[in-house]
Amino acid sequence: MRRIIVLKLILVAFIFMQCNQPGIIDVKNARHKAAKKRTLPKTVGYHFENYREWVKNNKNSDKEPIVLAVNRTDNNNIAKMDSIIVPNDLTGDKESYLPFPFKVGAIEEIEKIIFFSYSTQTFGAYEFGDLIYSGPVNMGRKNDPTPSGLYFTNWKAEKTTSTFNDEWDLRWNVNIENKLGIGWHQYELPGYPASHSCLRLQEKDARLLYDWAEQWIMDDKEIVKAQGTPVIVFGRYDFDAPKPWLQLTNDPHALDITRSALTEELKPFLAEIMAQRKRRAAAIEHDNKNGK
């Protein structure tokens with residue numbers, strides 16, 4: 001009997017030691033952060049409304065971020081719009097009005113990943129399969145489309161200058177393609193794809209993703225040892241058709257991105273993503289052992 005008790009104590013001690021390793025603690029914390037409870041609207045539906053009338057009837061409303069996101073725009077540009085779409089029920093949180101699914105099983109083993117949907121002009125940032133952030137984006141215009149495919153975040157800059165026009169200051173810039181100069185950053189959102197291939201965000205979203213995304217890891221000779229956060233750009237935008245989110249007034253689920261659809265977008269890149277995450281973990285472990 002005493003021997004069984006001793007063995008149980010040893011087993012408990014071993015489990016305690018394993019669960020308190022830094023890597024496991026980090027995973028637990030990330031999963032806890034990812035498990036944000038979403039507030040869903042009681043009714044689903046959208047209608048057209050004059051923006052000025054909406055502002056008049058909703059002074060100091062804390063729901064304006066939802067209206068901005070639904071119209072893929074920002075504070076400055078929505079004032080230029082005569083007609084906007086407004087949810088019939090504004091009791092939900094912002095993510096519940098955007099097309100990305102709250103949970104995706106296929107990415108449960110990936111610490112961080114972000115998707116940019118060209119067709120819906122939205123982004124979804126995930127931790128271990130749970131949607132953390134979502135918001136509007138204005139991507140590349142017809143003559144300068146944002147290339148689709150897999151990227152990894154590289155370097156960051158709180159403020160940088162556009163390579164297209166040196167008079168354009170870009171805030172909270174996160175580069176994803178160094179040679180082409182493609183990245184996400186804060187810049188005006190007119191409510192349609194208008195950039196020169198970059199991914200324009202509202203300032204709040206740009207700042208959140210700036211702090212959240214990982215940079216690449218380089219050695220003393222500035223050779224890349226490991227990539228940053230995986231980024232997938234997917235879908236196509238029909239520049240000759242009306243804005244796709246206007247369809248929501250007829251069908252509130254017209255733009256929904258299903259879990260299976262997102263999984264299909266992930267499939268061609270999953271092996272590369274997992275290989276790069278393994279490489280990053282090894283680089284971090286090596287730097288920690290060498291006091292870097």
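This is a short talk on one protein model, from the overall fold down to a single threonine.

Good morning. The model on the screen is predicted. Let's start wide. How many helices and strands does the protein have? There are 8 helices and 13 strands. The protein has 292 residues, and buried residues make up 45% of them. Now look at the contacts with a separation of 6 or more. Residues 24 or more positions apart account for 66% of those. On the outside, the protein exposes about 16100 Å². Carbon and sulfur atoms supply 53% of that area.

Next, the sheet. It is open and has 5 strands. Read across it and the order is β5-β4-β3-β13-β6. The pairing is mixed. Which strands sit at the edges? They are β5, residues 130-136, and β6, residues 149-152. Each of these pairs on one side only. From one strand to the next, the twist averages 20 degrees.

Let's zoom in on β3 and β13. These two strands run parallel, and 4 bridges join them. Strand β13 covers residues 230-234. One bridge partner to find is Val233 in β13, which is matched with Phe116.

Now the helices on this sheet. Helix α6, residues 203-212, lies across β3, β4 and β5. Helix α6 runs at about 30 degrees to β4. Helix α8, residues 270-289, packs on the sheet too. Helix α8 touches β3, β6 and β13. Its direction makes about 10 degrees with that of β6.

On to the interior. In soluble globular proteins, nonpolar side chains tend to be buried together. Here, the largest nonpolar core has 42 residues. Which members touch the most other members? Ile114, Phe116, Trp184, Leu201 and Leu209 do. A further core, of 15 residues, lies apart from that one. Val104, Phe234, Ile257 and Leu266 are among its members.

Back to Phe116 for a moment. Leaving out residues up to four places away in sequence, its contacts include Thr122, Met139, Trp184, Leu201 and Val233.

Last stop: Thr120. Find the loop between β3, residues 113-117, and β4, residues 122-127. Thr120 lies in that loop. Is Thr120 buried or exposed? Thr120 is buried, because its relative accessible area is 3%, and buried means under 20%. What does its side chain join up with? A polar contact of 2.8 Å links it to the side chain of Ser117. Beyond four places away in sequence, Thr120 touches Arg72, Pro99, Trp245, Leu255 and Ile257. Ile257 also belongs to the core of 15 residues.

That's the tour. Thank you.

Note on methods: Residues numbered from 1 in each chain as written. Predicted model: local features only at pLDDT ≥ 70, side-chain atom pairs only at ≥ 80, totals over all residues. Heavy atoms only, no water. Buried < 20%, exposed > 50% of the residue type's maximum accessible area, 1.4 Å probe, protein only. Polar contact = N/O pair within 3.5 Å; in protein donor to acceptor, adjacent residues only side chain to side chain. Contact = heavy atoms within 4.5 Å. Core = buried A, V, L, I, M, F, W, Y, C linked by side-chain atoms within 4.5 Å. Pairing = 2+ DSSP bridges. Axes fitted to C-alpha atoms, helices over the stretch in contact; angles between N-to-C directions. Areas by Shrake-Rupley, 256 points an atom, 1.4 Å probe, with all protein chains shown as cover.
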